[in-house]
Amino acid sequence: MHLMNILNQHKATKEEKEGAFTRLLAYAEETLGILGYTTFVTTSDTPVLMKMFAEAGYEESEKNVTYYIKNLK
């Protein structure tokens, strides 16, 4: 099953979702590395995701930070 389908599927088990998220992160990291990126920055205020990021080796950069994004197109 496609990783995004597992993540979005309400009937998927917690283990399937956690495994899918970890695989999705690994895929993103590999793809970004191939493209020449050296840093992967993302945000989350969801405790479960924050725990998974930490377990995958991500470091919390700052606390109480709001990121602002503007689509220029």
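This report describes the fold, core, salt bridge and largest pocket of a predicted model.

## Overall fold

The chain has 73 residues, and buried residues make up 11% of them. Its secondary structure consists of three helices and zero strands, so that, read from the N terminus on, the order of the elements is α-α-α. Among the contacts in the chain with a separation of 6 or more, 26% are accounted for by residues that stand 24 or more positions apart.

## The nonpolar core

In soluble globular proteins, nonpolar side chains tend to be buried together. In this model the largest nonpolar core has five residues, namely Phe21, Leu25, Met52, Phe53 and Tyr58. Two elements, helix H2 (14-34) and helix H3 (47-55), each give two or more residues to this core.

Leu25, one of the core residues, is in contact with Phe40, Phe53, Ala56 and Tyr58 once its neighbours within four places in sequence are left aside. Of these partners, Phe53 and Tyr58 are also listed in the core.

Met52, another core residue, lies in helix H3. Met52 counts as buried because its relative accessible area is 11%, which falls under the 20% limit for that class. Although Met52 and Thr22 are 30 residues apart along the chain, their C-alpha atoms are separated by 7.5 Å.

## The salt bridge

Side chains of opposite charge can pair when their charged atoms come close. The structure holds one salt bridge, in which the side chains of Glu55 and Lys51 meet with an N to O distance of 3.1 Å.

Both residues of this pair belong to helix H3, where Glu55 and Lys51 are four residues apart, or about one turn of the helix. Glu55 and Lys51 are both exposed, whereas Met52, which lies in helix H3 as well, is buried.

## The largest pocket

Rolling a probe the size of a water molecule over the atoms shows where empty space is left. For this model, the largest pocket contains about 480 Å³ of space. Its lining is formed by 17 residues, and those that lie nearest the centre of the pocket are Thr42, Ser44, Glu59, Glu60 and Ser61.

Taken by residue class, the lining of the largest pocket divides into eight nonpolar, five polar and four charged residues. Glu59 and Glu60, which are among the residues nearest the centre, fall in the charged class, while Thr42, Ser44 and Ser61 count as polar.

Technical notes
Residues numbered from 1 in each chain as written. Predicted model: local features only at pLDDT ≥ 70, side-chain atom pairs only at ≥ 80, totals over all residues. Heavy atoms only, no water. 1 Å grid on protein atoms, 1.4 Å probe; cavity = no way out; pocket = protein on both sides within 12 Å on 5 of 7 lines; lining within 4 Å. Points joined across faces, edges and corners; volume = space filled by probe spheres on them. Core = buried A, V, L, I, M, F, W, Y, C linked by side-chain atoms within 4.5 Å. Buried < 20%, exposed > 50% of the residue type's maximum accessible area, 1.4 Å probe, protein only. Contact = heavy atoms within 4.5 Å. Salt bridge = Lys/Arg side-chain N within 4 Å of Asp/Glu carboxyl O.
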